[in-house]
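Visitor: I'd like to learn how to read a structure like this one, feature by feature. Could you walk me through it?

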Amino acid sequence: MNALKNERRSSLSKRIARFRRALAEPRSPRDIELIRASGLFDAQWYLQKYPDVAKAGVDPLSHYMTHGAREGRKASARFDARWYVNTYPDAAASDTHPLLHYIQNRQGRVGTLSDVKALTPEQKSDATLLLASAHFDAAWYAETNGLGKAGRQAALHYLQFGAAKGSAPSPSFDGDRYLTAYPDIREAGANPLIHYIRHGEREGRRAFALDDPGPAVLSFAAEASNALPAHPVTWTAASQLVGEATSAILTLGKQPAGLIARHAAGSGLPGRLGHAAEIFCRVGGRAADNLAGIKGSRRRVKLVAGEAPDLNALHAPVDDAWFVSDNLLTLRLKALRGGKSATGHVLRAFQFVAQGNRLAPVGEAWVSAQGGLVALALENPFQPVLCVVCSRAGEVLDGFVLAFPSLYRGGAHAAELQLLGRGSEGSSRIRDYSRVLTQELLGWPDAPPPVLSEIQVDLRGATGNERIFGQNARTWLAEAGVAVTPRNAQALDASVQSYLAAAATLEPRLFRGGQAVLRFSADALPSLCVMISRRMTDGAGSYVVCAEEAAEPHLSVRLPPMSESFASLQPVNRGQPYPSLSLTGASDQKQQTRSRLLAIRFMQASALSPSALAFPVDESVATPVLEIGSLSLPSRERITAVIRVSSPNSLRPLLRSLARQTLASRLDVLLAIDSDIEVPADLDDAFSGTLLRVDCPRGMTPSAALNYAVEEVSSPWMLLLDQHVVLHDFRTLETIRTLATYRRAATASCMRIHQSGFRDGAPLAFHSAGIFPSHIDLLAGPSLAFATPVTTAAFPCMTYPVVANGLEFALVSRKAWDEIGGLDDDAYPFDGYGLDFCLKAIRAGWTHLNTTGISALDTVRRPPERTDVLGADLVSMEEWGQILARTAQIRRLD
């Protein structure tokens, strides 16, 4: 075994010897009384736990003090000496008995693993990562740290105690050496192994084993250039800059940034710095006046070089960047501009503080001639960063701006970049998108003000831990001139209503003249696009769904323009399900046909529970399901359920579920069945209403049989059903009939679920909730291809327009059916007829709606909807725009 392991073993041996010596020392009467008074030794519990002590007839406390603790026995359910000394290094280093040490140092400590506070959701996620990692050996860790149990208890101990005191999670990972090698992670206070699992391995960082003979300290610059400097690198720190006859100190917001040479006035350097400073101030919502100066004189650096600053100041020499934590940004830099130097350059970075025009340094580091890694401890990840490049002696060589740091990996707006950028490297996409945003922000002659003036946060379902309530986001919005106000606070419990309402209230630092209000749920943040745009129009827009913790984008969602009445068709007691932008005053702007990105939503990526799938809106809490309230139908309106039957004996569950519906008194049932199939006489017991039969000629295709049966229907609405669907929620029919009140609704349906196994009691799983555009199929066209994606992540409890609803379960307008001419049973005899019908309806100006606010059970597993390319009248390219403009679209980003 190598020297490092021997050293650790020697340290462990010393701790054990000190522990035994502490246990062997006689205790004074005062110590005994102190232990009795603490209540931490439970004599009755001790004798019941250890019957051999009770049998020996000795005093339990005396036995524990002289023998029990040394033998690994517990003083009570509240104190475990072995666990305590392995958790707290000062206890292991002390000659005091562990129980006495705990009594004397009890503040902020626990005496046993069972008293450790419950895991937070983030720690639960971390514990799952640990147990799945090859670098966490639960059994080895439990044995090394004197824990009674391995598995999840070992992971809990490492998360809450082990990493902080430097315990290794396994022989293959040395957390201390990892933090020493990468000081940016130590500075962020991150757990070393969790960081390596989530980020470090992907970033190319090294995992050190306990017996790894490699160097304990790595240089970022050396890692980037593959060469260590021959001697320690030194440079003139900003606080040590001294002006001379040939140079003067450049200050930024009274912070020293570097030395300006007297001869630099004609070199163009002040102009470049001026452009960078102007962009920095304008993007940050601050005044540029007197930002920069020359210390010791009245001279100022001219900040504004004309009305249009040179956007080349945004060309940051950054290869890659990522957030280690909320405010710690790591840059992987290319070779810095500003002259060639074999000994490298110094980078200094600045940001505005929360209030006023004062700047604060957020990073200062040497970068080799080839580039390297630099860690910036940002004041605010949403605010721009002004960077100055200097020589090691302090002479200013160049400057640039990171206008929108939150676009970098791990930032709150990284998803926005991934959605909008294609086909280029990440650094190039950030540069290009930053130019677009900055140009829009700076404006043009006679440009209108930025559109957004206010954000209204729907507080239903909010906890107060969402990003919109954080100080970073609040400062960013206030400096940008955007007010924040709460919505639906009255729906909250009284105990949290005032707190959340206050947290969702923000006055802007300045008024920027906008006239639009953005509304979204508390799990969202506004996109940079909507924050800066001067040309957006009102309506629903796109949003991106990200993982709640890591901000990793999963889905992009685009919604078509929808009327104000569409909001009333959303499920009750939920936050605003989709972001919307509305103009508060008259506008002469032209209607935009392109859906703009309005928000980033941070949501849990875990699958819905079986209860949430079965009853998205709890049937015991809310009736009806939708915001619009109870449905009022014309007095004589009836609904006809048309059921295609192949096996009458399996009809009873469906008929019983129809009999339980709130609209059962308005429902007639029509069975479309082959003429030679007998129907059991007792089906009337399952459904007490009107139950009719239509005999279809034997051998009819499914689409022809539906056409044949519908000819017998006189009702304005038809509920098309497969016999294997069950409406387990008594509000289902009323809910989809309410959806059908929306203008020109041809079909309405809801989420269908199924059992994920074939045995009774198998867990429920998502099946479908509408048909969506999927991709462009070049094999048979080109043509639009369609799919039935899992929508619960994009629309967790929401009503939305779709391309089509499967006719295995859908409410269909008889008027739309007649206008379209029913199903094309010649082109689509067996499948695809539902999609074809719905596409024709969209061309004719009809709409199809689906909701995940309620569900129906499909007792058979079906293949996804597909187009019959042999008989399809394919959608022409001219019609693509019409279809896409009227339906929601989902695209996976991971």
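Guide: Happily! Let us start with D836, which counts as buried at 7% relative accessibility. Keep in mind as we go that this is a predicted model.

Visitor: Which residue does D836 meet in a salt bridge?

Guide: A salt bridge pairs a side-chain nitrogen of Lys or Arg with a carboxyl oxygen of Asp or Glu within 4 Å. Here the partner of D836 is K840, at 3.2 Å from N to O. K840 itself is partly exposed, with a relative accessible area of 22%.

Visitor: Why are K840 and D836 separated by about one helical turn?

Guide: Because they sit four residues apart in helix α27, which covers residues 833-843.

Visitor: Where else can I see a salt bridge within a helix?

Guide: Try D818 and R814, whose closest N and O atoms are 3.0 Å apart. These two belong to helix α26 (residues 814-820) and, being four residues apart, are also separated by about one helical turn. D818 is partly exposed at 46% relative accessibility, whereas R814 is buried at 18%.

Visitor: How many salt bridges does a search of the whole structure find?

Guide: The search gives 21. One of them joins R601 to D523, with 3.1 Å between the closest N and O atoms. That pair links distant parts of the chain, 78 residues apart: R601 is in strand β19 (residues 597-603), and D523 is in the loop between β13 (516-521) and β14 (524-526).

Visitor: Is R601 buried or exposed?

Guide: The cut-off for buried is under 20% relative accessible area. R601 has 6%, so it is buried.

Visitor: What about polar contacts that are not salt bridges? Which side chain does T847 join in a polar contact?

Guide: The side chain of R886, at 3.4 Å. T847 lies in strand β31, residues 847-858, and is buried, with a relative accessible area of 10%. Beyond its neighbours within four places in sequence, T847 is in contact with several residues, including R743, T747 and P801.

Visitor: Where does S167 lie?

Guide: In the loop between α11 (152-162) and α12 (175-181). S167 is buried at 14% relative accessibility. Setting aside neighbours within four places in sequence, its contacts are Y141, N145, Y158 and G162.

Visitor: One last case: how far apart in space are H199 and W322?

Guide: Their C-alpha atoms are 9.1 Å apart, while 123 residues separate them in sequence. H199 belongs to helix α14 (residues 192-200) and is buried, with a relative accessible area of 17%.

Definitions and conventions:
Residues are numbered from 1 along each chain as its sequence is written. This is a predicted model: local features need pLDDT of at least 70, side-chain atom pairs count only at pLDDT 80 or more; totals for chains, interfaces and linings use all residues. Side-chain values use heavy atoms; hydrogens and water are left out. Buried means under 20% relative accessible area, exposed over 50%, partly exposed in between (1.4 Å probe, protein chains only). A polar contact is a pair of N or O atoms within 3.5 Å; within protein, one must be able to donate a hydrogen and the other to accept it, and residues adjacent in sequence count only if both atoms are side-chain atoms. Contact means heavy atoms within 4.5 Å.
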